[in-house]
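Hello,

Here is the structure I promised to pass on to you. Have a look at it first, and then read on for a tour of what turned up in it.

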Amino acid sequence: MFSIDLSGKTVAITGASQGIGKAIAEVFAGSKASVILLSRNKTKLEENATRLKEIGINARYFVLDVSDFNQVQSVFKEIGHIDILVNNAGIHFTSSVLDMELNSWKELLDINLNGAMYCSKAVIESMTKNSFGRIINISSTSGKHGEAFSSAYNTSKFGLIGFTQCLALELARHNITVNAICPGWVETKMALDILNDDKYASLHQIPKEELEETSLQAVPIGRFVHPKEVGYLALYLASEYASAITGQSINVCGGLCMH
Ligand SMILES: NC(=O)c1ccc[n+]([C@@H]2O[C@H](COP(=O)([O-])OP(=O)(O)OC[C@H]3O[C@@H](n4cnc5c(N)ncnc54)[C@H](O)[C@@H]3O)[C@@H](O)[C@H]2O)c1
């Protein structure tokens with residue numbers, strides 16, 4: 001029988017207040033893992049942790065800005081041992097390179113790319129001592145091809161795939177796998193904000209009211225990916241069944257990207 005039981009394992013998920021991170025937490029809760037929710041939004045974290053506790057899950061939350069290295073170090077020290085880390089926290093903005101605000105570029109890379117490195121660095125020693133670990137980086141199909149007016153975001157997601165491959169090679173002998181998941185359009189606040197953004201519509205020269213329909217027409221399955229569909233792959237990658245999968249960047253995109 002194929003079932004995934006992660007009783008006794010602890011998973012930490014960054015960006016777990018909403019969207020994909022929240023859905024990943026719910027999927028892992030179904031496998032009986034202990035769940036650590038991390039994000040900047042205390043109110044939402046508390047709500048999500050309470051909901052998981054109500055169904056008998058050992059859930060804790062910590063307020064964390066992943067782009068702050070010192071905060072990452074102290075929060076992960078307080079948490080203790082983590083078996084599975086999901087680097088999911090991320091932001092997006094639209095801009096041409098010509099009009100790029102340097103602070104926005106740096107902030108995005110600090111969260112989407114540096115944050116994943118800081119959190120990974122914080123768990124490696126303890127995973128290595130335990131001879132087991134899973135690091136799952138939420139990249140994007142935007143990490144596999146260029147897109148106009150999205151250079152900061154796409155650069156961060158390409159970087160995350162490169163980081164995934166390097167770290168996978170460093171940790172393979174310790175029974176620690178490192179993989180990236182590359183979602184396409186997932187129905188979350190991030191995607192809906194992009195598809196409702198005047199700047200995105202005007203730079204791409206698509207009427208705003210047609211943005212969602214045009215974007216989903218390019219998806220072979222013709223719909224958004226559900227956040228939990230990203231969670232199911234994360235759960236599989238965290239399981240014993242995926243012990244031989246490392247350094248991979250796997251799309252969950254309804255056929256939008258095929259490499
Ligand atoms: N929605 C999509 O279509 C899509 C597609 C591909 C990849 N992704 C990626 O999936 C991940 C989750 O995105 P989402 O769609 O759920 O977005 P979302 O905006 O709904 O959620 C983002 C989460 O990241 C958290 N976050 C942002 N900055 C943070 C920081 N500095 N420290 C800690 N937490 C922080 C937010 O609090 C929130 O919980 C992101 O990395 C995103 O790039 C999303």
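A residue counts as buried when its relative accessible area is under 20%, as exposed when that value is over 50%, and as partly exposed in between. Please keep in mind that this is a predicted model.

With those cut-offs in hand, take D83, in the loop between α3 (69–79) and β4 (84–87). Is D83 buried or exposed? Its relative accessibility is 5%, so D83 counts as buried. For a sense of distance, the C-alpha atoms of D83 and A191 lie 30 Å apart, with the two positions 108 residues apart in sequence numbering.

S39 makes a good companion to D83. S39 belongs to strand β2 (residues 34–39), and because its relative accessibility is 7%, S39 is buried as well. The side chain of S39 also comes to 3.1 Å from the backbone nitrogen of N41.

Now to the ligand. How many residues surround the ligand? There are 29 of them, and the closest are S17, I20, N88, Y153 and T188. By type, the shell around the ligand divides into 14 nonpolar residues, 11 polar ones and four charged ones.

Three backbone contacts are worth finding on your screen:

- A polar backbone atom of G15 is 3.1 Å from an oxygen atom of the ligand.
- For G184, a polar backbone atom is 3.2 Å from an oxygen atom of the ligand.
- At V186, a backbone N or O atom lies 2.8 Å from an oxygen atom of the ligand.

On its own, the ligand has 820 Å² of accessible area, and the protein covers 94% of that. Which elements give two or more residues to the shell around the ligand? They are α1 (19–29), α5 (151–171) and α6 (189–194). Of the elements, α6 gives the most, with three residues.

Next, please look at helix α4, which covers residues 102–129. Its 28 residues, at 1.5 Å a residue, should span 40 Å, and the C-alpha atoms at its ends are indeed 40 Å apart, so the two values agree. Even so, α4 has a kink of about 45°, and the kink is centred on N114.

How covered is N114 itself, which lies in helix α4? The relative accessible area of N114 is 26%, so N114 is partly exposed. The C-alpha atom of N114 is 17 Å from that of A168, a residue 54 places away along the chain.

The buried residues of α4 are L108, L109, I111, N112, G115, A116, Y118, C119, S120, V123 and M127. When you look at how they are placed, it helps to recall that an α-helix has 3.6 residues a turn, so residues three or four places apart point the same way.

Just ahead of this helix in the chain description comes E101, in the loop between β4 and α4. With a relative accessible area of 54%, E101 is over the 50% cut-off and therefore exposed. From E101 to L211 the C-alpha distance is 25 Å, and the two are 110 residues apart in sequence.

Two residues stand out for their backbone angles. F149 is not a glycine, yet it has a positive phi of about 65°. F149 sits in the loop between β5 (133–138) and α5, and its relative accessible area of 28% makes F149 partly exposed.

The other is Q205, also not a glycine, where phi is positive and near 55°. Q205 is found in the loop between α7 and α8. Is Q205 buried or exposed? Its relative accessible area is 74%, so Q205 is exposed.

K208 is found in the loop between α7 (198–204) and α8 (211–217) too. K208 has a relative accessible area of 31%, so K208 counts as partly exposed. Its C-alpha atom is separated by 7.5 Å from that of L195, which is 13 residues away along the chain.

If you would like a place to begin, I suggest the ligand and its closest residues, S17, I20, N88, Y153 and T188, and then the kink in α4 at N114.

Enjoy exploring, and best wishes!

Technical notes: Residues are numbered from 1 along each chain as its sequence is written. This is a predicted model: local features need pLDDT of at least 70, side-chain atom pairs count only at pLDDT 80 or more; totals for chains, interfaces and linings use all residues. Side-chain values use heavy atoms; hydrogens and water are left out. A residue is near a molecule or strand if one of its heavy atoms lies within 4 Å of it. A polar contact is a pair of N or O atoms within 3.5 Å; within protein, one must be able to donate a hydrogen and the other to accept it, and residues adjacent in sequence count only if both atoms are side-chain atoms. Accessible areas come from the Shrake-Rupley method with a 1.4 Å probe; for residues, only the protein chains shown count as cover. Helices (H or I, at least four residues) and strands (E, at least two) are DSSP runs, numbered from the N terminus. Ala, Val, Leu, Ile, Met, Phe, Trp, Tyr, Cys and Pro count as nonpolar, Asp, Glu, Lys and Arg as charged, and the others, Gly among them, as polar. The expected span of a helix is 1.5 Å times one less than its number of residues. The bend at a residue is the angle between axes fitted to the seven residues ending there and the seven starting there. Buried means under 20% relative accessible area, exposed over 50%, partly exposed in between (1.4 Å probe, protein chains only).
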